[in-house]
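Visitor: Could you take me closely through one part of this model, the sheet of the first domain, and then follow the connections outward from there to the rest of the chain and to the ligands?

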Amino acid sequence: MQVTFTAAVAGASGYAGGELLRLLLAHPQIEIGALTAHASAGQRLGAHQPHLLPLADRVLEPTGVEALAGHDVVFLALPHGASGEVTAALAAAGSDAIVLDCGADHRLTDAAAWEQFYGSPHAGAWPYGLPELIVDGARQRDTLRTAREIAVPGCNVTAVTLALQPGVAAGVVDPADVVAVLAVGYSGAGKSAKTHLLAAEALGSLAPYAVGGTHRHVPEVEQNLRAAGAAEVRLSFTPVLVPTSRGILATVTAPLAPGASAATVRAAWEDAYADEPFVHLLPEGTWPTTAMVTGANTAAVQVAVDERAGRVVALCAIDNLVKGTAGAAVQSMNLALGLPETTGLTTVGVAP
Ligand SMILES: NC(=O)C1=CN([C@@H]2O[C@H](COP(=O)(O)OP(=O)(O)OC[C@H]3O[C@@H](n4cnc5c(N)ncnc54)[C@H](OP(=O)(O)O)[C@@H]3O)[C@@H](O)[C@H]2O)C=CC1
Ligand SMILES: CC(=O)N[C@@H](CCC(=O)OP(=O)(O)O)C(=O)O
């Protein structure tokens with residue numbers, strides 16, 4: 001008989017919480033426990049997540065230790081800053097649950113960078129939940145196998161990191177001049193960003209935001225590229241909202257390193273991702289699209305060399321709610337529980 005683990009989801013009424021529940025419903029070794037929310041506490045889940053029919057009549061509880069204690073796993077899908085109190089209360093109550101925070105609070109190791117970009121005191125770093133991250137030639141999954149608290153990455157960060165890290169680790173690109181432009185879907189902003197949900201304004205327009213190096217994901221990408229081996233990272237990062245509900249397409253360029261060639265670049269990406277179950281390096285000459293990965297825990301990656309510009313062009317498409325959040329959380333949970341990393345996760349998308 002298979003062992004089952006209980007999992008609670010805090011923030012179950014939101015986009016990330018809803019996606020966690022969609023994935024956990026398909027996980028053979030998870031039993032879904034408490035579902036919590038904030039303003040929506042006391043309401044049926046079905047009022048907020050009409051697509052999660054098997055859970056429609058479950059009632060949302062207030063987010064707190066009373067509901068969340070006693071589970072094997074607790075997922076936090078809360079606004080930034082809200083997870084610290086919950087985590088501390090769980091620890092005080094003697095909980096030994098594995099806690100996965102989908103928010104940003106515990107991602108950065110550099111307190112000064114946190115305070116600069118988030119403007120609040122640093123809550124401390126947890127092991128970073130990107131199993132494929134190259135860390136000094138090894139992979140982050142080795143750390144996650146023994147982790148009890150895991151910081152799930154930002155969705156844009158995942159796309160940029162998976163696009164470029166093979167080149168940084170192999171020394172075939174210069175990380176001191178990285179330019180990343182991302183097309184991102186609206187669900188990344190969460191349900192509470194009401195202005196983003198005015199369809200009449202959003203549907204006909206592409207809109208950049210956090211322009212000029214101000215996006216909070218800048219230090220997180222830099223941290224990841226340093227882990228992959230960069231001595232110096234300089235990143236220009238510009239996200240552009242596009243009228244789609246899900247998906248991120250990151251286009252990341254950096255100078256070709258002296259002595260590198262199209263062949264060594266291709267080999268670096270092939271070597272990095274040959275054994276990765278969720279990172280798919282596409283056949284040469286084909287390009288990632290968000291449609292390829294919708295609903296799947298897949299990152300679709302491609303790389304090319306722009307010989308005239310002397311730059312490597314790396315692309316990565318992910319579903320921000322799957323590989324960008326909930327899928328990454330479940331993948332990390334599997335590692336921390338000692339389960340096969342791919343349990344309950346699919347690389348099969350939906351189309352059209
Ligand atoms: N959307 C995405 O693609 C990604 C999101 N994330 C992160 O995941 C987290 C959740 O994001 P997302 O689901 O998009 O956001 P949503 O706005 O869709 O959902 C937020 C959830 O948090 C609850 N909540 C709101 N305020 C509080 C509070 N003060 N205390 C406790 N709970 C509260 C809400 O409950 P109620 O409905 O009752 O108010 C809701 O369940 C964020 O930290 C986000 O940055 C990370 C990667 C990608
Ligand atoms: C469209 C949109 O606004 N997307 C969000 C990405 C959300 C995400 O990755 O979450 P964290 O904020 O937890 O890092 C953004 O760019 O800030």
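Guide: In this predicted model, a good place to begin is the pair formed by β1 (residues 5-10) and β2 (residues 30-37), two strands that run parallel and are joined by five bridges. Within that pair, F5 has I30 of β2 as its bridge partner. Helix α1 packs on the sheet, where it touches β1, β2 and β4 (73-76), and its direction makes about 160° with that of β1. A second helix, α10, also packs on the sheet, touching β1, β4, β5 (98-101) and β8, with a direction that makes about 160° with that of β5.

These strands belong to an open sheet of six, ordered β3-β2-β1-β4-β5-β8, in which the pairing is parallel. Because β3 (61-62) and β8 (149-151) stand at the edges and have a single partner strand each, one side of each is left without a neighbour in the sheet.

To place this sheet in the chain, the domain assignment is helpful: it gives domain 1 as 5-152 + 323-337 and domain 2 as 156-320. The centres of the two domains, taken over C-alpha atoms, are separated by 24 Å. Where the domains meet, 21 residues of domain 1 are in contact with 28 residues of domain 2. On the domain 1 side, the elements that give two or more residues are α4 (111-118), β6 (134-135) and α10 (322-337), and α10 gives the most, with six residues. The helix α10 that packs on the six-stranded sheet is thus also a contributor to the side that touches domain 2. By class, this side of domain 1 has 11 nonpolar, six polar and four charged residues.

Both helices named above return at ligand 1. This ligand is surrounded by 30 residues, of which the closest are G14, H38, S40, G103 and G190, and the elements that give two or more residues to its shell are α1 (15-25) and α10. Of the elements, α1 gives the most, with three residues. The shell draws at least three residues from each of domain 1 and domain 2, and by class it has 12 nonpolar, 17 polar and one charged residues.

Ligand 2 has around it G103, A104, G154, C155, N156, V184, Y186, G188, A189, P239 and L241. Here α6 (155-170) and β11 each supply at least two residues of the shell, and the classes are seven nonpolar, four polar and no charged residues. G103 is listed among the closest residues to ligand 1 and is also one of the residues around ligand 2.

The strand β11 leads into the other sheet, an open one of seven strands in the order β10-β11-β9-β12-β15-β14-β13, with mixed pairing. At its edges stand β10 (207-208) and β13 (279-281), each with a single partner strand, so one side of each has no neighbour in the sheet. Seven bridges join β9 (residues 178-184) to β11 (residues 235-241), and the two strands run parallel; in this pair A183 stands opposite V240 in β11. Across β13, β14 (299-306) and β15 (311-318) lies helix α9 (residues 262-273), which runs at about 165° to β14.

The helix α6, already met at ligand 2, is in turn linked to α9: their axes come within 9 Å and cross at roughly 110°, and the two helices are therefore roughly perpendicular to each other. In this contact P166, G167, A169 and A170 in α6 meet V265, A268, W269, A272 and Y273 in α9, a set that divides into eight nonpolar, one polar and no charged residues.

Two points of backbone geometry complete the tour. Most residues other than glycine have a negative phi, and most peptide bonds are trans. D136, however, has a positive phi, near 50°, and is found in the loop between β6 and β7 (138-139). The peptide bond from A351 to P352 is cis, with omega near 0°, and P352 is placed in the segment after α10.

Conventions
Residues numbered from 1 in each chain as written. Chains lettered and ligands numbered in written order. Predicted model: local features only at pLDDT ≥ 70, side-chain atom pairs only at ≥ 80, totals over all residues. Pairing = 2+ DSSP bridges. Helix = DSSP H or I, 4+ residues; strand = E, 2+ residues; numbered from the N terminus. Contact = placed C-beta atoms within 7 Å. Axes fitted to C-alpha atoms, helices over the stretch in contact; angles between N-to-C directions. Domains from an automatic or database assignment. Nonpolar A, V, L, I, M, F, W, Y, C, P; charged D, E, K, R; others polar. Near = placed C-beta within 6 Å. Parallel < 35°, antiparallel > 145°, perpendicular 65-115°, else oblique.
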